[in-house]
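Got a minute to walk through a model together? Let's take it one question at a time.

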Amino acid sequence: MTDATAANGGPPLLEVEGLVTRYPVPRGLVGAAARRPQRWVQAVAGVSFRLRRGEMLALVGESGCGKTTTAQSVLRLVDSDAGSIRFDGADITALGSGDLRGLRRRMQIIYQDPYESLDPRFRVRRTLEEPLEVHGIGSRAERRREAEEALRLTGLDPPELFLDRYPHELSGGQRQRVAIAASLVLHPDLLIADEPVSMLDVSVRAGILEILDDLRSRGLGILMITHDLSTAARFADRIAVMYLGRIVEEGAARDVVTNPQHPYTQALLSVVPKRDPRQRQRPEILRGETPNPVDVPPGCRFHPRCPIAIPECRDVDPELRQPSDARAGHLAACIRT
Amino acid sequence: MSLLEVHDLHVWFDLARGGELHAVQGVDLGLDAGERFGLVGESGCGKTTTILALMGLLPPSASVSGRVLLDGENVLARGERSVAPHRWRDVAMVFQGAMNAFNPVKRVGEQIAEPMELHGIAEGRDARRQVGELLERVGIPAERAQRFPHEFSGGMRQRAAIAMALACKPKVLLADEPTTALDVMVQAQILELLVALADDFGLTLVLVTHDLPIVAQVCERAAVMYAGEIVESGPTDALFHSPRHPYTRLLFAATPDLYGTEEVASIPGAPPRLDRAIVGCPFRPRCDSAFGRCVDDRPALKPVAAAQAAACHLNDVPQEVPA
Amino acid sequence: MTSTAPILADEHDLEAPPPRRRSFVWSVVRGQPQATIGALVLLAFVLVAVLAPVIAPYDPREKVGAVFEPPSSEHWLGLDDGGFDMLSLLIHGARVSLIVGFAAALVAMLIGGTVGLLSGYFGGRTDTVLMRLTDYFIVIPDIPLMLVVAAIWGRSLTNIILIIGLIYWTTTARVVRSQVLSVRERVYVQRTRALGARNGRILFRHVLPQVAPLLVAITVLSVAVAIFAETAIAFLGLGDPTLISWGKLIENAFSRSAISVDAWWAIVPPGLAVVTVVLACTMVGRSLEDALNPRLRVGHLSVRRFRLREREERAS
């Protein structure tokens, strides 16, 4: 997988550079009346990454680390405050709403909750044909063909069995397949999958991930957002670990998992439960919880919880760089590596 | 004799549209004092209903049969009347999503003290002191008892929910998906806490989850449920290394492992409906090694190895026959 | 597609999807008998109104006997202050009362629904402006406004409908807005937006259908309010003087001192008719609301009286 990606030349499908997205912190009536200064949450605080066609990048991190906001910024569903987003070579950071509509055809998102992401009043057929209608693509017959093809692509075969069903008549896995199919009818180049399997039963998860795997091999760029390192390790080409709005480590999935450089990644990996009861390792449990992104610690944002922090970590905000004992393309943001 | 024994437990739910759902179809369990036991299965397999039945926490639409012996006494003998005195006192529970089930307008400390007062264990100043001790024990500073739930983080509320379950010093702690909505790091903290509490208090911990690796890491023994029944039970080590039911094997194979290199494969199909009678083996349609007998003969849970039992006909035929 | 294992057809039948949801109407009828009763009563009144010329025993504008003649076998409800047959008046009066009720409720539904939908969906400044407007309409006292508007616009049926609709749309707007606020955040609405759909499509294809049942429920409730308001307007002498309505009947009897001559039959029947229709609308509307809002029902764990069952009886 990694080799195939390397062979894939041309500009990256998605190029994010120094992305910053922040939200105002509600001041409440009292705060506003007292004219307290507006405070901001830096949900994404300078994130850069690249995604090629035919590649799956997993954005991994705990809730509140900014991975979902990153995805929403890339999709231009929220406006970012700094940085640039280039899609297929074109800068889309400041695209107007008219041009965005055309862009939406080419980038699609799959949501976490398959029970919520389909309109309960729409039959599968209508859910699948709607994106085409929105963009005025094809005749009625063509739209129907597209819908059937998309169902087949997601393993719901034969399509006739599903076209006339309502979401509540489908299992969770089937709904997620329909949601994926609905994003495929537009033949997108980029697919963002926001925790695509975390709400599904274990026995059907692999099937959904295999579909994504298959789409990747057909040339789609896939950005998978997940908190599950095991899934990322098994299915993604590359992993980017986020902490408090920053990518703290990035590299080929195997490298990140087998040779983690950043102490946060090391801690995360150590607490992932293993299937084999004989592999009971001592987890390196970090105390406390991720700090509030309103009050980001100075210097390295991880230093208050870091087991190997030194006084310098309080002053230096480390950049992503390649540690000495890491392979090419494996980066970490830690001065101690 | 075990601390908690369950014999042939059945639970049916009346359905609004008529008919009934046979949610638990004959579960047998034996739990020893101080052991950590895992109850694993996918959504709808009856694992939550099983432990709710142990607590007698079922709605009026439910009917129950079977025996639940706590220290030899059948707590289900007279329904609600016989189970109520034991609830929370002997068997307590951390509900699924318990961390979101606190009353938002009452202080956390008062809510933890409530079961103590209900069971006449402690009141007033004494109750407050015990609440403080409990909170400290689950890793929350005692003075936080005066705070409101929204002032706690998700992980802290889950700790408080555990403290509430321990309020009456129960013998058995049932934890239903205690870490599902939590981040991995907080999940690790909570699991560490549950193990420590079980050891310190000599608690019997029943961990109900869909997450096999959690059970593998936390529990000594486990039971795998499918379609309302236990299809395999035994030491977690044996379940992973020598499963005797295809469902157990396939479930492990469907779970990605951090360092695993083998193919992760989903199990085709879905569990059977429980509002119809099940003929033959409930797993047969999804099984990769089903044979003729599985069609109409429902396998019973039988011992297959030391402390291991499975409900699969494959265990009756010589090893070389099925592929 | 090497890796994607297709799900075979027969497996879906094994998995047997949950049975189709019974229609919403059916679930209301089953769960809430008062809904059926209310609906039947309403239907009866509508039939009476439609068939008025056929079933009314006399022409309501024709003098058929003495003033305030008491009920008899020929005139079941007696005669009114002009010697007209009360029963015939009552039957014809149903027409105006029901027309005003339904039409005014429709006006309230259109205004309130639009305001609530736009306010909830767009939020921000739109929401602030529309909700302030709603607040103004809420605080204006109803009856004086009715009097003023009726005096200025004139006393026609259309005007009465418009006035009532203009006064009673605020509840609808508020309820619809709060529902839209939650539907707007649903993932499928966000997904539709992410795929490039315009607001119009999202509003009409995804949001409106979701709030429609609620809108119907409030509208049925406002029919009751509107009929009541029409009665009040007519009683105050501000109704269309050329039309027969229940309010007008009460007003006539009242102003021609039916009470002092003990002619109860001139006042009680139209009063009862108003009460019955209002009650029927409320029963239907409330049941719909209850069915839409399951949170009002008793919680799952609040009653723990599960039943015990002998296993032997089921040993099959």
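Q: How many residues of chain B are in contact with chain A?
A: Keep in mind that this is a predicted model. Contact here means C-beta atoms within 7 Å. On that basis, 32 residues of chain A meet chain B, and the number on the chain B side is 34.

Q: Which helix of chain A gives the most to the side that touches chain B?
A: Helix 9 (202-217), helix 10 (229-235) and helix 12 (263-271) of chain A each put at least two residues into that side. The top contribution is 6 residues, and it comes from helix 9 of chain A.

Q: By class, how many residues on the side of chain A that touches chain B are nonpolar?
A: Let's sort that side by class. It has 10 charged and 7 polar residues. The nonpolar count is 15.

Q: How many residues of helix 1 of chain B are buried?
A: This helix covers residues 47-54 and is mostly covered. Its buried residues include Lys47(B), Thr48(B), Ile51(B) and Leu54(B). The tally for helix 1 of chain B is 8 of 8.

Q: Which residue just after helix 1 of chain B takes a positive phi?
A: Look right past the end of that helix. The phi there is about 70 degrees, and the residue is Gly56(B).

Q: Which helix supplies the largest share of the largest nonpolar core?
A: That core has 291 residues, and Ala181(A), Val241(A), Leu174(B), Val206(B) and Val224(B) touch the most other members. The largest share is 19 residues, from residues 86-122 of chain C, that is, helix 5.

Terms used
Residues are numbered from 1 along each chain as its sequence is written. Chains are lettered from A and ligands numbered from 1 in the order in which they are written. This is a predicted model: local features need pLDDT of at least 70, side-chain atom pairs count only at pLDDT 80 or more; totals for chains, interfaces and linings use all residues. Two residues are in contact if their C-beta atoms, placed from the backbone, lie within 7 Å. Helices (H or I, at least four residues) and strands (E, at least two) are DSSP runs, numbered from the N terminus. Ala, Val, Leu, Ile, Met, Phe, Trp, Tyr, Cys and Pro count as nonpolar, Asp, Glu, Lys and Arg as charged, and the others, Gly among them, as polar. A residue is buried if 20 or more other C-beta atoms lie within 10 Å of its own, exposed if 12 or fewer, and partly exposed in between; C-beta atoms are placed from the backbone. A nonpolar core is a set of buried Ala, Val, Leu, Ile, Met, Phe, Trp, Tyr and Cys residues joined through C-beta atoms within 7 Å.
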